[in-house]
Amino acid sequence: MVSRVIPVQAFDLVIFGGTGDLAQRKILPALYRRHCAGQLPDTARIIGAARAELSRRDYQSLVRAALQAGDISAGKDAAGGQVDSFLARINYLAIDATEAEGWQTLAQTLGRPTADRVRVFYFSVGPALFAPLAEQIWAHDLADDQTRIVVEKPFGHDLASAKALNRTLASHFDESQIYRIDHYLGKETVQNLMAIRFGNMLFEPLWNSQYVDHIQVTVSETVGVEGRASYYDKSGAMRDMVQNHLMQLLCLIAMEPPAKFDPDAVRDEKLKVIRALEPVEPHHIVRGQYALAEDGEGGDEDQSYRETVGDPRSSTESYVALKAHISNWRWAGTPFYLRTGKRLVARSSVINVFFKDAPHSIFGADAGRHANLLTIRLQPDEGITLKVTIKEPGPGGMRLIDVPLDMSFAQALGADIDGAPDAYERLITDVIRGNQTLFMRGDEVEAAWAWTDPIIAGWTSRGDVPKPYDSGSTGPGDADLLMRRDEREWRGINP
């Protein structure tokens, strides 16, 4: 298998927040890898913009250090000069989003928009600066109909703030120009959800409540809140993970086949899933907050959640498990169990589709009960496993066992998987190409908040306190009870 690299057209990319953590860890390394792959045209320009007073050379040194810190430059520079040629593309301008200084210089640097050159503004800043940036871009005549803006999450804190942000951006840009980025949608295996479902006749006829018993979606992290403490304590796992990342996975699992692989056709079907979600009952949700492990080993920082955020009475959740139902013909009666948490036993993002038992077993009681299980591993060791039932080898009657049909991306694709673009690489090049399939639409974001807000309001009004759980565990015990009430169990969190 040979990966094809299709160059994108000429572009100017301005990264507001160009000195920030996201730019250094994700955006700039992603652009560097595409540069090394030969996907960026020679005339492409990248401009970092932030309030710090830096020279162009100072900023280039900062970018070089970021590439070295991420350990991505060493293997990509074998041909010689790759880092230097990438840095030659990069400029820097000191700009304050709320002040006039720097904007005229940016206008002179970019020149007037032209039809043969895409212009992208990446808002790698806090949501409070989205509106000022949009207003400054238009006030200085920096945009035309082909200009695109990339907006990082969080897109709002609740439904009201999300609507306000949508209105602000819509007053300056058309919806087709707004790219709300969720890096989970850029993962290779996440996109493969659509290929698995709609490209294989094997699965689609079975993908409904008649054959599927239940579905589990798990996104677990071993890290704590660390440097994001001030943000995270105002958000929690529900806002930070469930409302966006897990919601997007749920949509891709449950959506109807779109009429065609087209941005709006795909997003129309995702929107229908969100609008069909039933309200979550209070006894169908569990909140947790990590403490130190029983043996006193609390993980990388050796601190509990409350110690990390500096609030001994914090009631913000670092873990959420919930049971959701989708009220439509395909999924009526099939529960979806979602869970996510920090400081858990392993880093893992997995979707498990549990199929129902055979309606009648022709084998004896000694054969046991067996059902098929489809596991889609998003990270780590991306791949797909289908558990099937076979006869146990040997004499002595019919004894059944379950064995996996396992496809690891690394084994199946070999060297090609090492060169596959990561999420940010793919999403940034999609922005330049004008492909919005993997980006959230405004009405989709608002629908997700409309489902999430009542859940948060409910536990706030009840004064619910998150259940403590040990760092390095699988989460609070109440999450296991959530499943046991339905005579089910969580599948293990595996590294």
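**Group meeting: a walk through the predicted model**

Okay, let's start with the sheet: six strands make an open sheet, ordered β3-β2-β1-β4-β5-β6, and the pairing is parallel. At the edges sit β3 (90-94) and β6 (178-181), each of which pairs on one side only. Going from one strand to the next, the twist averages 20°. And before I go on, please keep in mind that this is a predicted model.

Let's look inside that sheet. Strand β1, residues 11-16, pairs with strand β4, residues 118-123, in the parallel sense, and there are six bridges between them. If you want a spot to click on, find Asp12, which stands opposite Arg119 in β4.

Now, which helices pack on this sheet? One of them is α2, which touches β2 (45-50) and β3. The direction of α2 makes about 120° with that of β3. Another is helix α6, residues 130-139, touching β1, β4 and β5 (148-152). For α6, the direction makes about 155° with that of β4.

Stay with α2 for a moment, as this helix also has a helix partner. Helix α1 (residues 21-36) packs with α2 (residues 56-69) at an angle of about 90°, and their axes are 10 Å apart. So α1 and α2 are roughly perpendicular to each other. Who touches whom? From α1 we have Gln24, Leu28, Pro29 and Tyr32, and they meet Tyr59, Leu62, Val63, Ala66 and Leu67 in α2. Sorted by class, that contact has eight nonpolar residues, one polar and no charged ones.

Let's hop along to a second helix pair. Here I mean helix α9, residues 229-254, and helix α10, residues 263-276. They pack at an angle of about 105°, with the axes 9 Å apart. Angles of 65 to 115 degrees count as roughly perpendicular, so α9 is roughly perpendicular to α10. On the α9 side you'll find Met247, Gln248, Leu250, Cys251, Leu252 and Ala254, meeting Lys270, Val273 and Ile274 on the α10 side. The class count for this contact is seven nonpolar, one polar and one charged.

Next up, strand β9, residues 319-324. Is β9 mostly covered or mostly open? Mostly covered: six of its six residues are buried. As a reminder, in a regular strand the side chains alternate between the two faces of the sheet. In β9, Tyr319, Ala321 and Lys323 point one way, while Val320, Leu322 and Ala324 point the other way. All of them are buried, Lys323 included.

And what does β9 pair with? One partner is strand β8 (residues 285-291), antiparallel to β9 over four bridges. There, Val286 stands opposite Ala321. Another partner is strand β10 (residues 336-341), joined to β9 by six bridges, and these two also run antiparallel. Look for Lys323 again here, since its bridge partner in β10 is Tyr337.

Let me zoom out to finish. The chain comes to 16 helices and 15 strands. Of its 495 residues, 51% count as buried. The exposed area of the chain is about 22,100 Å², with carbon and sulfur atoms supplying 51% of that. One last number, on contacts: take those between residues at least 6 apart in sequence, and 77% of them join residues at least 24 apart.

That's my tour, thanks for listening.

How values were computed. Residues numbered from 1 in each chain as written. Predicted model: local features only at pLDDT ≥ 70, side-chain atom pairs only at ≥ 80, totals over all residues. Heavy atoms only, no water. Buried < 20%, exposed > 50% of the residue type's maximum accessible area, 1.4 Å probe, protein only. Pairing = 2+ DSSP bridges. Axes fitted to C-alpha atoms, helices over the stretch in contact; angles between N-to-C directions. Parallel < 35°, antiparallel > 145°, perpendicular 65-115°, else oblique. Contact = heavy atoms within 4.5 Å. Nonpolar A, V, L, I, M, F, W, Y, C, P; charged D, E, K, R; others polar. Areas by Shrake-Rupley, 256 points an atom, 1.4 Å probe, with all protein chains shown as cover.
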